[in-house]
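Subject: Handing over the structure

Hi there,

Here is the structure I promised to pass on to you. Have a look at it first, then read on for what turned up.

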Amino acid sequence: MMSTTEIRFSGFGGQGIIRCALITGKALSLYDDKFATMTQSFGPEARGSACSAQLVVSAQRILYPYITAPAVLMALSQGAYDKYHPEVIPGGTLIVEEDLVKLGDHDPRLQVWRVPATRVAESIGNRLFTNLVALGFFTAVTGVVTAEAMKRALPGLVPGRFLKVNISAFEKGYEHGVQARGAAAP
Amino acid sequence: MNIVHADPRGVDSGAHFMDGDHAIAEGALAAGCRFFAGYPITPSTETAERFAERAPEVGAMFIQMEDEIASIAALIGAAWGGQKAMTVTSGPGFSLMMENIGLAAMTETPIVLANVQRGGPSTGLPTLTAQQDMFQARFGSHGDYNIIALCPDSPQECFDLTVEAFNLAETYRTPVFIMTDETVGHMHEKVVIPPADHIKVVERNLFTGPKEDFRPYRFDSQGGHPMARAGAGYRFHITGLTHDERGYPVMTAAQNQVVVTHLIEKINGNAECIIRLEEDQVEGAEVLVISYGITSRIAVRAIAEARKKDIKVGALRLITVWPFCERRIRELAGQVRAMVVAEINYGQMVREVERCAAGRCRVISVNHCGGAVHDPAVITQAIEEACR
């Protein structure tokens, strides 16, 4: 991992986008010995429409708190993909929800991963877990954060009675990510 | 001053991934605050939520009041009832609190108020960041008085400075403000809350002598004169009117001179003990960038860019905004070519810098109104311009 990695999580309000950034930030800064700063879109316009959270990850203390050249974009909606793919650095990673995002003319140098997060979430009972499936996939394909740290970060950030099912959603997504990585390996 | 370790009941020791607003509530609880009265307002509400959630665990009282005027009045009552008390608000609520901030200053009541700043004036920009209330914090209530204001730049500092705010409030018997902003308030980072026995807390200085000897005030230009708890058997009077050492009204020009001088000098006279600054490469700097709160973290990138161009840039971050660091600015004005002051307002603290620099170096204001942090390139440009 580079000394600083910038990540944008995006989608629409209600998908648990901010929660994705919170879980990842907590995992990195409390359990993976990294520094992480999370800032989010905040306002009445965030609910139901475009929503994004920024996460700066570094081995050193972070001073500038915003992303300017993200290496990773997770887009769980068409609007988020359209709006944010141009900012991703060449060679960066793009993760999209494959049923919700129709890929367009993004930079061909991006490494693109498609995850059926909503379908997987529905298969374990509820599409509310889409964000955790996507996060598991993100963890497997980017290697920015360890799966162990992510699972440790969940208590307190998901409702206690749904902790187990959130963990299994994460694990399903992670398995998909590992398979996708294997399939993509030369 | 009676310094003790924090009461472990209020200290949620350990590492957290937390936003600035929550860290303020945790800092208050660690400092021994057991009374919170407030009225919800974006972007400060998360502090109230956190305090309300934690209050039953630590035996604290949380009241959602009918408005901000009542909130700050309740704080003054709670403080004279023996509690450490705080509230949190943003611009419009801060305006409503101004009258009783004056009452707290006049009656030398230790209270803590956090203002999570958003764009103004009026309801302005409820969800967006600003640093537009800096002068209101110092001069917002009528008459001459003084206060202390601190400006955190991270969630960790929100915790640390809230503890310090309570300690300063007790030490100088004055309202203390935490002047943060929406960005820091809602930013999540790691916050380490130390064990209770690593947190120093200044206890309320309570009078213990014979009842007939108690005086609620002493106009000696120092802070920290002992208080008595209402109901503890000491007889005293608290009023916003100009008063004597017993607290009874004395409506003369001479007494106003005595009281007001004390209110101002107890803070100005101890400014060197109160003021905290963070300096980086100030020695030998040609240009000094002065900023505070979130803007100081944006300025870091601008300064790094300027240094790549071999410009000798120093940075000075105001951790204590009020009292203003007059002595240090006067010193540095004789050493640098220019001072660049970056802030998210139409130009507030830059006036203090100009006053203290007194024409001995150029002072350049890099400001814009509320709603967004700076583009670092704009600050870099100002640094380059300052060298010309």
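In which handedness of crossing does α1(A) pass α4(A)? The crossing is right-handed. Before going further, please keep in mind that this is a predicted model, and every value below is computed.

**The helix pair in chain A**

Let's stay with those two helices for a moment. Helix α1 of chain A covers residues 17–31, and helix α4 of chain A covers residues 130–142. Their axes come within 10 Å and cross at roughly 45°. Because of that angle, α1(A) counts as oblique to α4(A). If you want to find where they touch, look at Arg19(A), Cys20(A), Ile23(A) and Thr24(A) on the α1(A) side. On the α4(A) side, the contact is made by Asn131(A), Leu132(A), Leu135(A) and Phe138(A). Sorted by class, this contact has five nonpolar, two polar and one charged residues.

**Two helix pairs in chain B**

Chain B has a couple of pairs to show you too. Start with helix α3 of chain B, residues 68–80, which packs against α4(B) at an angle of about 30°, with the axes 8 Å apart. That angle is why α3(B) is called roughly parallel to α4(B). The crossing here is right-handed. From α3(B), the residues that meet the partner helix are Glu68(B), Ile69(B), Ser71(B), Ile72(B), Ala73(B) and Ile76(B). Among those they meet in α4(B) are Leu96(B), Met97(B) and Ile101(B). By class, the contact has nine nonpolar, three polar and one charged residues.

Next, scroll along to helix α11 (residues 326–333) and helix α12 (residues 349–357), both of chain B. They pack at an angle of about 60°, and their axes are 8 Å apart. With that angle, α11(B) is therefore oblique to α12(B). The crossing of α11(B) and α12(B) is right-handed. Glu326(B), Ile329(B), Arg330(B) and Ala333(B) are the residues that α11(B) brings to the contact, while α12(B) brings Val353(B), Arg355(B), Cys356(B) and Ala357(B). This contact has five nonpolar, no polar and three charged residues.

**A pocket and a cavity**

Now for the empty spaces. How many residues line the largest pocket? There are 28, and Ile18(A), Arg19(A), Leu22(A), Gln40(A) and His188(B) lie nearest its centre. The pocket has a volume of about 770 Å³. At least two residues of its lining come from each of these elements: α1 of chain A, and β2 (14–19) and α2 (45–58) of chain B. By class, the lining has eleven nonpolar, nine polar and eight charged residues. Arg19(A) is worth clicking on, as this residue is named among those nearest the pocket centre and also in the contact of α1(A) with α4(A).

As for cavities, the structure holds one of 30 Å³ or more. The largest cavity has a volume of about 30 Å³. Its lining is made up of Ala105(B), Tyr145(B), Asn146(B), Arg173(B), Thr174(B), Pro175(B), Leu263(B) and Lys266(B). Those residues divide into four nonpolar, two polar and two charged.

**Backbone details in the loops of chain B**

A few backbone details are fun to hunt for. Which peptide bond leading to Pro43(B) is cis? The bond runs from Thr42(B) to Pro43(B), with omega near 0°. You'll find Pro43(B) in the loop between β3 (35–38) and α2 of chain B.

Further along, the peptide bond from Trp322(B) to Pro323(B) is cis, again with omega near 0°. Pro323(B) lies in the loop between β15 (320–322) and α11 of chain B, and that α11(B) is the helix you met above packing with α12(B).

Last one: have a look at Glu108(B). Phi of this residue is near 50°, a positive value in a residue other than glycine. Glu108(B) sits in the loop between α4 (91–106) and β6 (111–119) of chain B.

Happy exploring!

Methods:
Residues numbered from 1 in each chain as written. Chains lettered and ligands numbered in written order. Predicted model: local features only at pLDDT ≥ 70, side-chain atom pairs only at ≥ 80, totals over all residues. Heavy atoms only, no water. Axes fitted to C-alpha atoms, helices over the stretch in contact; angles between N-to-C directions. Helix = DSSP H or I, 4+ residues; strand = E, 2+ residues; numbered from the N terminus. Parallel < 35°, antiparallel > 145°, perpendicular 65-115°, else oblique. Left-handed = near helix turned anticlockwise from the far one by under 90°. Contact = heavy atoms within 4.5 Å. Nonpolar A, V, L, I, M, F, W, Y, C, P; charged D, E, K, R; others polar. 1 Å grid on protein atoms, 1.4 Å probe; cavity = no way out; pocket = protein on both sides within 12 Å on 5 of 7 lines; lining within 4 Å. Points joined across faces, edges and corners; volume = space filled by probe spheres on them.
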